[in-house]
Amino acid sequence: MALLEIKQLSFESEGKKILADIQFTVESGEFVSITGPSGSGKSTLLKIIATILSKTNGELLYNGRSIEQYDPIEYRKEVSYCFQSPVLFGDTVRDNLSFPYEIRQMAFDQQKATDYLGMVGLPEDYLDKPINALSGGEKQRIALIRNVLFQPKILLLDEVTSALDEENRQIIWHWLQEMRSTTEMTILMISHNEAEAALADKRIRIVDGKIVHKEELQNEFAN
Amino acid sequence: MNLQISPTTIALSFALVLVGVFISYKEQLGTAKEILYSITRAVIQLVAVGYILTYLFGIDSPLVTIGLVFVMSFNAAWNAHKRSNQIPNSLKISIIAIFSTVILTLTVLVLSGSIKFTPSQIVPISGMICGTAMTTIGLCYRNLNTLFRDQRQQILEKLSLGATPNQASRSILRETIKSGMQPSLDSAKTIGIVTLPGMMSGLIFAGTVPTTAIMYQIMVTFMVVATTSLSSYIASFLAYRSFFNDRQQFLG
């Protein structure tokens, strides 16, 4: 059984068709890249999978069950969406990394948070760094840690590297590779970077709200 | 009583309004008409309410008192609702917030013996509670609308991390309640130093000894702080839910 199954999904907003007849499956542990021109509906698709938006028609199954049957709050803890140009909360990095604990009513695990900071090349003392003293790349890394601290089953990445310089892009890319090799995390990633997209298990290209190309790839990414 | 006021003295004091009209003409503010319109409305409303109150106070019936409080509370809720800028269910929310605040505050004041359950005491106090609650709730609605619009992405990000609408809105709720209470807290801090409040001034004017007037003012200050806290808390907590649907999605 596929982890995620999307059948004839469509989405309309204010009478305008944004997505039409979207159909594909994602297996557990797969890395799927989604490419396509700006405004083609890629982000909308990820937001629908994340239940931030609701589809107009079609079916979306997670573990064989329609996503409508899940409690949206619990579902979003398993299927986590990371925004392009994310906004950080509160005053410090700590406010952001403690948020996933807060919403689960758990005590903040500082050790785990600093371990994750280390994995993306940020020192321990960044925990108390004010968020407005961070660069764009650092903010993106903090936002990603926020999404993965509790290891979601599916990580939805919306062009998380596109606004970054090469150095930051490499840091995030290597970290994602490392996470993929050590966990069972499934990743759906919107990317404009051809080299990144080529490393996926599955590649989907969306143009004008429709899938124009679907391709299974053999890659070494997980290794 | 040492009051000297009469219709003639009021007519003469109208000269004060003419100062405002003069400034408006001289500076071409275009507010002269509005000043005169507002003043005329105020005079008509006050005269009418004066006669109505004189009549109703004469009846001195608990049913009439309750009826008056009900009408005032509903009017305040209606006006707060109009300031909600289309927050769904804002009339219902305003009614719940204002009625709970009025009932709770009046109950404490009557049970503590601070005021008696007679129209001449209940009606003015209810007016103060309703007016304060109405302004506070209107302020809360405005803040909720502004903050939810400005922090849209932050809310979406919190939801996408698995936060409930309540958890995602917590910082907005905190800020809304705080800013709803702020004006009354600020005025409580400067009371007697910068301002001599209307009720206290009125009592002193009418010949009450200042210490008694001050005791009443202290009671009113307590009441205003309680009213703003309660009404902003109830209205904000009931209204934030309107920004989300049943699928826990943000509607902003």
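## Two helices in chain B

H5(B) and H6(B) sit oblique to each other, because their angle of about 140° is not over 145, where roughly antiparallel would begin. This is a predicted model. The two helices cover residues 90-111 and residues 119-150 of chain B, and their axes lie 10 Å apart. As for handedness, H5(B) makes a right-handed crossing with H6(B).

Who does the touching? From H5(B) come Ser90(B), Ser94(B), Ala97(B), Ile98(B), Thr101(B), Val102(B), Thr105(B), Leu106(B) and Leu109(B). H6(B) answers with Ile122(B), Ile125(B), Ser126(B), Ile129(B), Cys130(B), Ala133(B), Met134(B), Ile137(B) and Tyr141(B). Sorted by class, the contact of H5(B) with H6(B) holds 13 nonpolar and 5 polar residues, with no charged ones.

## Chain A as a whole

Over in chain A, there are 7 helices and 10 strands. The C-alpha atoms take up a box of roughly 50 × 35 × 35 Å along the principal axes. Chain A has a radius of gyration of 17 Å, and this agrees with a compact globule because one with 223 residues would come out near 17 Å.

How much of chain A is buried? The share is 43% of its 223 residues. Sequence-distant pairings are well represented too: take the contacts in chain A between residues at least 6 apart in sequence, and 70% of them join residues at least 24 apart.

## Where A meets B

The contact between the two chains draws 19 residues from chain A and 14 residues from chain B. On the chain A side, at least two residues each come from helix H2 (72-78), strand E6 (79-82), helix H3 (93-103) and helix H5 (136-148). H2(A) gives the most, with 4 residues. By class, this side of chain A has 12 nonpolar, 4 polar and 3 charged residues.

## A closer look at H3(A)

H3(A) is one of the elements on that side of chain A, and it has buried residues of its own: Val93(A), Asn96(A), Leu97(A), Ser98(A), Phe99(A), Pro100(A) and Ile103(A). What do they pack against? Within chain A, the partners are helix H4 (110-119) and H5, while chain B brings in helix H8 (165-190).

Just one more detail on this helix: Gln105(A) follows H3(A), and its phi is positive, near 50°.

Note on methods: Residues numbered from 1 in each chain as written. Chains lettered and ligands numbered in written order. Predicted model: local features only at pLDDT ≥ 70, side-chain atom pairs only at ≥ 80, totals over all residues. Rg over C-alpha atoms; globule rule 2.2 N^0.38 Å. Buried ≥ 20, exposed ≤ 12 C-beta atoms within 10 Å, placed from the backbone. Contact = placed C-beta atoms within 7 Å. Axes fitted to C-alpha atoms, helices over the stretch in contact; angles between N-to-C directions. Parallel < 35°, antiparallel > 145°, perpendicular 65-115°, else oblique. Left-handed = near helix turned anticlockwise from the far one by under 90°. Nonpolar A, V, L, I, M, F, W, Y, C, P; charged D, E, K, R; others polar.
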